[in-house]
Amino acid sequence: MSKVTIMNHPLIQHKIGIMRRKTTSTKEFRDLVSEVAMLICYEATRELPLADIEIETPLVKTIAQEIAGKKLCIVPILRAGLHMADGILNLIPNAKVGHVGLYRNEETLEPVEYFCKMPSDAEEREIFVVDPMLATGGSASAAITLLKNKGIAKIHFLCLIAAPEGVKRFTKEHPDVDVYIGALDERLDERGYILPGLGDAGDRIYGTK
């Protein structure tokens, strides 16, 4: 069953509160997306496996630890996930990056795929799929299905804001994928937007609102 982690760190809640304000500028909103993503990733990577390696300090040889295996891959769902990926890359600069392009059909609220590009060794890596909003759960679930169909199994999902409806659908369709959420909101409105939410994350990131 999916592990669902809702962040309670004061810094995350403080920054999300600023993001929610309609008066927050495009630049500030964009910066906050990256910062909160980095903080959520810190928690999401807590259980990554480590391996012992021998190193030499300026004084002696010693045993240190490094992340085991093929390391990480960040996969933003286009376009709003890109700035979450930027924040995570500040924390893990050597991670590889894949991309999944989906848009939501405004009549059916279901996702439509238009792009997918992954590193050649993605199936050997820990994959962190990122998207600011988990609303109906359709886009996130479709992105995960797309990756699983490519043989990728070690997947985690990170988002800033989620609605209960989206969490329920996502965890039902992908019970093997852990979910990390900045804030769990009240519900969806009739258009499929999260309430109280923060508006359309993509529009606010790119100034197209």
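## Working through a helix, two pockets and some bonds

In helix α1 (residues 10-20), the buried residues are I12, K15, I16, I18 and M19. Helices here are DSSP runs of H or I with at least four residues, and strands are runs of E with at least two, numbered from the N terminus. This is a predicted model, where local features need pLDDT of at least 70, side-chain atom pairs count only at pLDDT 80 or more, and totals for chains, interfaces and linings use all residues. Residues are numbered from 1 along each chain as its sequence is written, and side-chain values use heavy atoms, with hydrogens and water left out.

**Exercise 1.** Work out how the buried residues of α1 are arranged, and what they pack against.

*Solution.*
- Start with the list: I12, K15, I16, I18 and M19 are buried (under 20% relative accessible area; exposed is over 50%, partly exposed in between, with a 1.4 Å probe and protein chains only).
- Look down the axis of α1: these residues fall within an arc of 155° (taken from the directions from the helix axis to the C-beta atoms), so they line one face of the helix.
- Flip to the face turned away from that buried side, and you meet the exposed P10 and H14.
- Now check the neighbours: the buried residues of α1 pack against α2 (26-44), β10 (155-162), β11 (178-184) and α6 (201-206) (contact is heavy atoms within 4.5 Å).

**Exercise 2.** Is T5 buried or exposed, and which residues does it touch?

*Solution.*
- Place it: T5 sits in strand β1 (residues 4-6).
- Check its surface: the relative accessible area of T5 is 18%, so T5 counts as buried.
- List its partners: leaving out residues up to four places away in sequence, T5 touches E43, V179, Y180 and I181.

**Exercise 3.** Describe the largest pocket and the second largest pocket.

*Solution.*
- Take the largest pocket: its volume is about 600 Å³. A pocket, on a 1 Å grid over the protein atoms alone, is an open set of points where a 1.4 Å probe fits, with protein on both sides within 12 Å along at least five of seven lines; lining residues have an atom within 4 Å of a point.
- Go to the middle: 25 residues line this pocket, and A80, R104, D131, S139 and D200 are the closest to its centre.
- Sort by element: β4 (72-78), β6 (99-104), β9 (133-134), α4 (138-148) and α6 each give two or more residues to the lining of the largest pocket.
- Move on to the second largest pocket, at about 150 Å³. Volume is the space filled by probe spheres set on the points, which are joined across faces, edges and corners.
- Spot some familiar faces: the lining of the second largest pocket includes T5, I12 and E43. β1 and α2 each supply at least two lining residues, and α2 has the largest share with three.

**Exercise 4.** How many disulfides are there, and where do C116 and C159 stand?

*Solution.*
- Count pairs of cysteine sulfur atoms within 2.5 Å: you get zero disulfides.
- Try C116: its nearest cysteine sulfur, on C73, is 10 Å away.
- Try C159: the nearest cysteine sulfur, that of C41, is 14 Å away. C159 is buried, at 0% relative accessibility.

**Exercise 5.** Find where the cis peptide bonds at R79 and P196 lie.

*Solution.*
- Keep the background in mind: most peptide bonds are trans.
- The bond joining L78 and R79 is cis, with omega about 0°, and R79 lies in the loop between β4 and α3 (82-91).
- The bond from L195 to P196 is cis too, with omega near 0°; P196 belongs to the loop between β13 (194-195) and α6.
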